[in-house]
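Here are my notes on this one, in the order I'd go through them with the model open. Have a look at the structure first, then read on.

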Amino acid sequence: MNRSFALLAALALLGGCQTFTSSSPDGTPPVEEASPVAEAPKPEAYGSFSKETLFALLTAELAGQRNRFDIAIGNYVQQAQVTQDAGVAERGFRIAEYLGAEQAALDTALIWAKNAPDSLEAQRAAAIQLARAGRYDESMVYMEQVLQRKGSTHFDFLALSAIETDPDTRAGLLQSFDRLQSKYPHNGQLLFGKALLLQQDERPQEALELLETQSANQDDIPPLLLHARLLQSLKRGDEALPLLQKGIKLHPDDKRLRLTYARLLVEQDRLEDAKGEFASLLQQFPQDDDLRFSLALVCLEAEAWREAIVYLEELVERDSHADAAHYNLARAYEALGEADSALIEYSLVGPGNDFLPAQARQAQLLFDNKRSTEASQLLSEARTAQPDYAIQLYLIETEALASHDQNDQAWQVAQQALEQFPDDLNLLYTRAMLAEKRDDLKLLEQDLRFILEREPDNSMALNALGYTLADRTTRYDEAKQLIEQALRLNPQDPAILDSLGWVNYRLGHLDEAERLLREALARFPDHEVAAHLGEVLWAQGKQREARKVWANALKQQPDSILLRSTLLRLTGSETF
């Protein structure tokens with residue numbers, strides 16, 4: 001911390017605590033720059049403190065100057081307790097709050113509030129510190145004192161501070177809000193705080209009704225924003241738009257309102273309107289690169305690629321959101337069919353959230369353009385340059401090779417990766433899937449069993465092993481047991497439903513197989529699921545239905561080898 005306590009403040013303190021100054025509302029720390037010249041106070045002005053107290057307080061100020069904040073805050077807390085002086089306590093509170101010393105801030109705030117009962121600021125400080133400490137009932141007592149004097153309360157802070165608490169604590173706090181509301185039924189700050197608490201307690205409908213039926217001032221910005229968020233959470237975003245429009249008319253320069261409105265337009269898929277709103281905001285706040293980035297993303301969503309490129313290049317020039325800008329520039333160039341420009345932008349994405357997606361897209365583009373050697377070379381260089389990402393980069397390369405039917409090369413990369421990371425479960429799973437393509441079912445089972453020894457609840461490994469046993473062996477009962485275990489862990493996964501349907505087919509339970517496969521296809525219209533369902537229907541004598549299922553799937557994926565091989569095997573032809 002660079003700012004120092006001021007010796008001048010210590011000398012002023014010697015003149016009596018009435019000379020203390022509070023921190024400003026904007027959060028300016030409770031210190032001042034030391035003055036090179038300070039007139040010594042008159043001796044008769046500080047006779048109310050003992051020599052010990054004066055020495056301790058002066059020591060605290062000098063310690064603060066020398067960045068020994070432990071001594072400074074310790075002395076202030078001690079002297080606030082000894083003297084019970086409101087001024088000493090307030091100064092100690094300001095310092096503690098600035099340093100983030102929570103216990104010291106609470107202790108000094110309570111002493112300050114006790115010895116300055118007419119100070120709204122002292123009562124409010126005590127309420128907030130008690131709320132931070134989770135002592136909500138005591139906090140409400142101080143809040144009510146502020147409320148009685150018609151001061152500005154912080155019921156919203158009180159509600160928000162309870163977010164991470166347990167349900168019983170939130171319920172108790174709600175009861176305290178209800179008690180105060182019965183006394184002050186028309187206090188907008190109290191109603192707003194209670195609505196916030198209801199929202200945090202996942203009771204949005206009650207919070208909304210409170211805002212709409214009570215007298216919380218809907219013209220004020222915080223209640224208006226909460227009202228809009230509640231409508232959004234209840235899937236009533238269309239009702240929030242006119243509410244926000246009204247708020248913007250009342251507060252045309254408020255950034256929060258306009259930003260919320262712009263985001264809601266995106267949510268409502270009104271992308272052109274959203275673009276206009278974000279552009280207007282950016283014009284009003286031209287230095288706000290978060291707005292510039294948001295506008296670029298809206299342009300991408302609206303497929304206004306050239307417009308997006310303009311804003312993204314501005315971000316690169318301003319060195320703001322640079323990696324995300326390069327990544328999204330590449331996306332735009334890809335959409336425009338400018339692969340070389342896209343590759344350049346992907347290569348410029350550095351370590352971070354967008355690094356691996358950029359590497360994956362760069363590799364895919366190169367493979368698609370018959371430049372697989374170059375792709376592998378770049379991924380190898382990336383592993384050397386960024387060793388923390390080595391495993392993921394190996395996985396990207398093996399996936400790209402396998403998806404382009406270069407299974408031997410994919411196998412070699414997987415083996416190389418496992419030499420370096422022999423116990424990585426993701427690499428083992430990848431090798432298991434490649435082993436299945438090589439008809440090495442022994443290695444597949446070995447790798448999947450290794451994974452399950454370490455992660456018995458790995459539903460993906462359970463399903464993969466179960467499906468392979470059902471599809472490639474006659475160990476149907478064992479396969480079914482594995483798949484059912486996977487389904488218990490992940491009951492909504494259509495891939496597992498497909499596997500369970502397939503093993504039931506192998507066991508001859510055709511009706512159950514049909515039911516499961518129809519459910520899987522409804523959830524995930526995949527060519528493999530369609531091939532399985534069609535085969536089950538064919539076995540039941542429902543050839544017309546089977547052909548219909550296959551025909552629909554082929555429209556979606558005409559190059560599916562599995563569908564065509566199933567057709568050829570059952571009908572004698574790959575076409576209808």
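1. How many helices and how many strands does the protein chain have? The count is 32 helices and zero strands. Keep in mind that this is a predicted model.

2. On to the chain as a whole. Of its 576 residues, 47% count as buried. The accessible surface comes to about 28,900 Å², with 48% of that belonging to carbon and sulfur atoms. Taking the contacts with a separation of 6 or more, 50% are between residues 24 or more positions apart.

3. Next, the packing. The largest nonpolar core holds 119 residues, and the members that touch the most others are Leu244, Leu312, Leu393 and Leu448. A second core is separate from it and has 31 residues, including Phe93, Ala113, Ala125 and Ala127.

4. Leu448 is a handy place to zoom in. Beyond its neighbours within four places in sequence, Leu448 is in contact with Tyr429, Ala432, Met433, Ala461, Ala464 and Leu465.

5. Now the pocket you'll probably ask about. The largest one has a volume of about 1,700 Å³. It is lined by 44 residues, and Glu436, Lys437, Tyr467, Glu528 and Leu562 are the closest to its centre.

6. Which elements build that lining, giving two or more residues each? They are α22 (390-403), α24 (425-437), α26 (459-472), α28 (494-506), α30 (527-539) and α32 (561-571). The largest share, eight residues, comes from α26.

7. As for the chemistry of the lining of the largest pocket, its residues split into 16 nonpolar, 14 polar and 14 charged.

Notes
Residues numbered from 1 in each chain as written. Predicted model: local features only at pLDDT ≥ 70, side-chain atom pairs only at ≥ 80, totals over all residues. Heavy atoms only, no water. Core = buried A, V, L, I, M, F, W, Y, C linked by side-chain atoms within 4.5 Å. Buried < 20%, exposed > 50% of the residue type's maximum accessible area, 1.4 Å probe, protein only. Contact = heavy atoms within 4.5 Å. 1 Å grid on protein atoms, 1.4 Å probe; cavity = no way out; pocket = protein on both sides within 12 Å on 5 of 7 lines; lining within 4 Å. Points joined across faces, edges and corners; volume = space filled by probe spheres on them. Helix = DSSP H or I, 4+ residues; strand = E, 2+ residues; numbered from the N terminus. Nonpolar A, V, L, I, M, F, W, Y, C, P; charged D, E, K, R; others polar. Areas by Shrake-Rupley, 256 points an atom, 1.4 Å probe, with all protein chains shown as cover.
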